[in-house]
Each structure stands twice: as C-alpha cells, then as structure tokens.
Amino acid sequence: MAKNNDIEKKLEEFRAKEAEDFAELMAQKYGVPYLDLSRTTIDLDALKLVSQPDAEAGKMAVFQKTARRLRVGAFNPTLPKAKEILESLERKGYQLELSVVSEPSLKRAWSRYAEIAAFEEMTAGTLDISASRLEESIAKIKAIADFQELILPFTGASKIKNVSEVLEFILAGALALDASDVHLEPQEKAVAMRFRLDGVLSEVATFTAAAYALLLSRVKLTAGMKLNVKDRAQDGRFTIRTTQTEIEVRVSSLPGPYGETIVMRVLNPKTIALTLEDLGLHPELQKIVKKELKKPNGMILTTGPTGSGKTTTLYAFVKAVNEPGVKIITIEDPIEYHIPGISQTQVDASKGYTFANGLRSILRQDPDTILVGEIRDLETAEIAMHAALTGHLVFSTLHTNSAAGTIPRLIDLKADPAIIAPAINIAMAQRLVRRLCPHCKKETAPTADEKKLIEDALKKMPSKYKKDVKTKDLRVWKAGGCPKCSTLGYKGRIGIYEAFLVDDAVERLILKKPAEGDLREAMERQEMMTMMQDGILKALDGLTSMDELIRVAGLPT
C-alpha cells in the first residue's frame, strides 16, 4: 500500500512538472514571461476583479493589484474569452502585467474564490450589529470582570462557532468600559488583549494562537485590509452601525515576531460630546477662553502630546461658536468625529489635498471659522496665520510640551515673528489626568514630598485661583478600587491646562524671538496658572490623585 502511494506521489510530481514545462514553452511561443502561480501570493482583492466563472472560462486569473497595476496569469492569452477580459480591464484604466501560467496553478488560484465567498454575507467596512444585541451585551458588562466572564468561552479556537460574534463581544466590551483602543498582541505562547482605559492599558483576556488567527482574519476583512498581506503594516476602518448611532473603528496592523499585532481605535461620538464647561477649565481660565471665542478673528492654539485631548478641546470650541449665521469648515487628518452643521474635509496627500493646499481651498469658501487639525510645517502655519489676520477665527494644534513653547516652535518652523504676534490670540497647553472614582477614593494627608510640591505651587499661584484653598490642614485623595471602577480606582479623565494671552506686551516680546523661559515669565505677569498648579488644585479638590498628576505632568524642574 505504501509503495502504491509512493508511485502515485511520483506520478503527481511528474504531471505537475510536465504542466509547468509546457507552460514555460507556451510562454516562449507567445513572447510572454512564464510564472509558477503556486509560488506566488494571491491577492484576494485582485482576484475579485474578475468573477470565478469568467476566470475559468478564460483560463486566467488576476492575482495581484498595486494601485492601477494588475498582475495577470493566463494559460493561453490568445483565447477569445481571455482577450475579452484583458481588454475590458484595460478599458477600465488598469495597466496589465501578463504572465503565462499552467492550468494546475490556475486551479490553485481559483480555489481561493471560496475564501471570498465564505465572507460574502458581510460587507467589508461595515459591521452591522443590532441595537438590541449590542445593548444586551453592554448591559451585562459593568466592570472588567464581567467582560472577562463573557469573552472567556471564546478564547480557544475550538469554542468559536461564529467569529463575528466574538468581535461583537469585544467591541461591546470596549464601548461598555469606555475603552479608547483595543490591542491584540501575539506573544510566544498566547495572544494578549488589552483595553486602553482612561489612557492606561489593562489586560482583559488571552486568546490561543488558533483562536486569534480566526479573529485576525475577521478584523482584517471587516476593516477592508488584505488578508494575505502579513509582512507589512496596514491600515483600515469599519463602522459599527446601530439604530441610534454610528461608531467608527480605525484599525492598524503591524507584523511582529509572533504574528500580526492589531490595534482598534474606537471613535465613540460620546467621547467628544463635551461642552466648554465640561472640559475641566478653571473658572478663571474659562472666562478668558469664552472672551477669546467671541472675537471675530485671530488664532487659538492648543498644544500637547498625542492623546492629551486636543481634538476634544477644539471640537468643544467649534460647538461653542457654531450658530446658524456662522460658517465653519475644518481640515483634519483624519476626520475622527463628525459634527452636525459644519463642513469637515480630510487631508488626502495622494490627491494633493494637504493641510496647506486644503486651507487655501477652504479660504475660497468664505468661512467665518476654520479648524486646522494640526500645524506641521511652515506653509500651513503661514496660511493659517494669514487667515487669522484677514477676518477669520482659526483653531489649530501644535506639538509642544507647554504653552510657553508655542512661540519658539513656530519660530523653529521659520514663521515670521511679525506675523505670529498679531495673529495669535491665546496659546494653551493641556494634559489629561484620570479622575478618581468617587465611590472608592480615600482621603489622606499628603506625603512629605507631596506636601512640599503643593506648598511650592500654592506659593507661586496667583491669589485669585487659591482663594478657596485651605492651606493649614492639606488633604489629598488616593485611588481605592471597587466594582464601579473595575478595581482600578479611576473612572474617566479631566484636563489640566495652562495658557497665555498674546497681549501688547507679549506681542513686543515675540518680535524679539523670545526663549521659552521669557514667555513663562510673561505668563506669571498675566497671572496665569501652570498645568502643575491647575493639577494640584484638582488634586486638593479630590478630582485626581497626586500620583496621577505626577505620572502625567512630571515633577517640576
């Protein structure tokens, strides 16, 4: 019996070689390169360009697609059906790179159509979840432990009957726990899943490699990413559509030593449903910001690292000035949240729509207020500042660590101080600190180091900010841990801020190309608080802890 199997195997190998040799001879006859498709990656997106019946009738397959360039394998390029398909693809604007391939290798390529058909019930880019099913899952999840109990039965491949259901549970968990990101990270023996909760990653489940393989394919398909591309980074997106709202999920994949890592960013509209009053601005700073928002022109800049809440702050500004008689246009990269009643545009470098070019186009649309997602270069900075000088109110962000660093950063970009000075109305910097859970926070006396930090901050703080602070018996609050905050001790986040106004004195200072220290002194003269001082007031009010403040803002130098 074993001998017969060996003979069959050798005959099969002989036939395969014969088929490939014949294809190679045919390639010479037609003057077209020969290719062995069995050793080539088949791109499912490319395969879908020609239906399986047509591909089989023409004895050909489109197996790779890069932009408008297609790689096509054909057994005989002169077959009428093959010629018809090739001409049709060329009429559609595709550039073809043709190879002659064997019939057996074509059959292997055609077998991949079954993989596409298996997923035809779901449209890539959309994950339809019934509102009742989503709400039912969310209602069961009050803490991380509830989610872990819900997802545990699906962490092994043998237990997964419907991988879409697993993805739905993961997204329901992210929404219920207010996670901003879902991380799926292959490790040596398993795959860890972590949620980013209030800016900090927490491990919530572990999948087997086999279970993750199923989940990975589902995520990539749903996000419109290429299933067969595993050796380079990809980006995709999909939308969770319910009867009440649409929640966009942005997906990023990255190859690693144990497989592809996936990160899903959940852009829940409720995240930016904050008004100016909800941001956490000190009442004194809030008065200043409201006054600046009433001005018809000028620029308001917010600064801070990625994840510091700048976008949420800008959207709160937009909502504050959004009235029927005001035209607001944004240029963003990407549009993270959609705001009713305003025109939002997205950067597309492949089409020449950059921040700079887009901003030029926006100015021809007669806007009153413009939101520029980020100032990254001199050209964008100059156009935005000229817009601020010519009757537009401009909101934008810049990457600096402090409000005082805003002007030196613009000067580093080679912006003209004579333009910067009159264009900017106010520059702000911010961070996000976690809120202490009100149900389990614990009141305590500050440590010696904390007490010194608090006393030094209060000593330099303008009196109008500390008038309600009890300085004799200082009390702070520590994180506890209870079911309502998933035992983390924190629930939600609040901003800490600093700002300075570009008044006449600061305008004159900017013309001298000031250092960051000069602008910090100007902030003190204006009686503005620093972020650390703002954070200490919030710690004394029991909104956050000193540990959290130091983690986010760092110790003063």
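## Contacts across the sequence

Let's start with how this chain folds back on itself. Among contacts between residues at least 6 apart in sequence, 67% join residues at least 24 apart. Keep in mind as you explore that this is a predicted model.

Two pairs of residues let you see this kind of separation for yourself. I420 and I510 are 90 residues apart along the chain, and their C-alpha atoms are separated by 7.6 Å. E521 and A404 are 117 residues apart in sequence, with 9.2 Å between their C-alpha atoms.

## The chain as a whole

How many helices and strands does the secondary structure of the chain come to? There are 21 helices and 19 strands. Taken along the principal axes, the C-alpha atoms fill a box of roughly 95 × 55 × 45 Å.

The chain has 557 residues, and 49% of them count as buried. About 27,400 Å² is exposed, and carbon and sulfur atoms supply 50% of that area. As for charge, you will find 78 positive and 76 negative side chains, and the centres of these two sets lie 1 Å apart.

## Two nonpolar cores

The largest nonpolar core has 89 residues. Which of them touch the most other members? They are M299, F317, F395, L410, I420, F500 and I536. Apart from this core lies another, of 44 residues, with A211, A223, M225 and V249 among them.

F395 is a good residue to click on. Not counting residues up to four places away in sequence, F395 touches L293, I300, L314, F317, V318, V321, T369, I370, L371 and V372. I420, another of the residues that touch the most core members, sits in helix α16, which covers residues 417–423. Is I420 buried or exposed? I420 counts as buried because its relative accessibility is 0%, and the cut-off for buried is under 20%. Leaving aside neighbours within four places in sequence, the contacts of I420 are M385, I407, L410, I411, A415 and I510.

## Helix α12 and strand β15

Helix α12 runs over residues 310–321. Its 12 residues should span 16 Å at 1.5 Å a residue, and the end C-alpha atoms are 17 Å apart, so the two values agree. Why is α12 described as largely enclosed by the rest of the structure? Because 9 of its 12 residues are buried. The buried ones are K310, T312, T313, L314, Y315, A316, F317, V318 and V321.

Strand β15, residues 393–398, contains S396. With a relative accessibility of 0%, S396 counts as buried. One of the contacts of S396 is L314, which is also on the list of buried residues in α12. Setting aside neighbours within four places in sequence, the other contacts of S396 are I300, L301, T302, V372, G373, E374 and I375.

## Helix α10 and strand β8

Helix α10 takes in residues 209–222, 14 in total. From its first C-alpha to its last it reaches 20 Å, close to the 20 Å expected at 1.5 Å a residue. Its buried residues are A211, Y212, L215, L216, R218, V219, K220, L221 and T222. Of these, A211 is also named in the 44-residue core. Just after the helix, G224 takes a positive phi of about 75 degrees.

A little further along you can look for F238, in strand β8 (residues 234–241). F238 has 0% relative accessibility and therefore counts as buried. F238 and T155 are 83 residues apart in sequence, and their C-alpha atoms are 23 Å apart in space.

## Loops with a positive phi

Most residues other than glycine have a negative phi. Here are two places to see a positive one. D178 has a phi near 60 degrees and is found in the loop between α9 (163–176) and β5 (179–186). T487 also has a phi near 60 degrees, and its loop lies between β18 (476–478) and β19 (490–501).

How do their accessibilities read? D178 is partly exposed because its relative accessible area is 36%. T487 is exposed because its relative accessible area is 57%, and the cut-off for exposed is over 50%.

Conventions
Residues numbered from 1 in each chain as written. Predicted model: local features only at pLDDT ≥ 70, side-chain atom pairs only at ≥ 80, totals over all residues. Heavy atoms only, no water. Helix = DSSP H or I, 4+ residues; strand = E, 2+ residues; numbered from the N terminus. Expected span 1.5 Å × (residues − 1). Buried < 20%, exposed > 50% of the residue type's maximum accessible area, 1.4 Å probe, protein only. Contact = heavy atoms within 4.5 Å. Areas by Shrake-Rupley, 256 points an atom, 1.4 Å probe, with all protein chains shown as cover. Lys, Arg positive; Asp, Glu negative; His and termini not counted. Charge placed at Lys NZ, Arg CZ, Asp CG, Glu CD. Core = buried A, V, L, I, M, F, W, Y, C linked by side-chain atoms within 4.5 Å.
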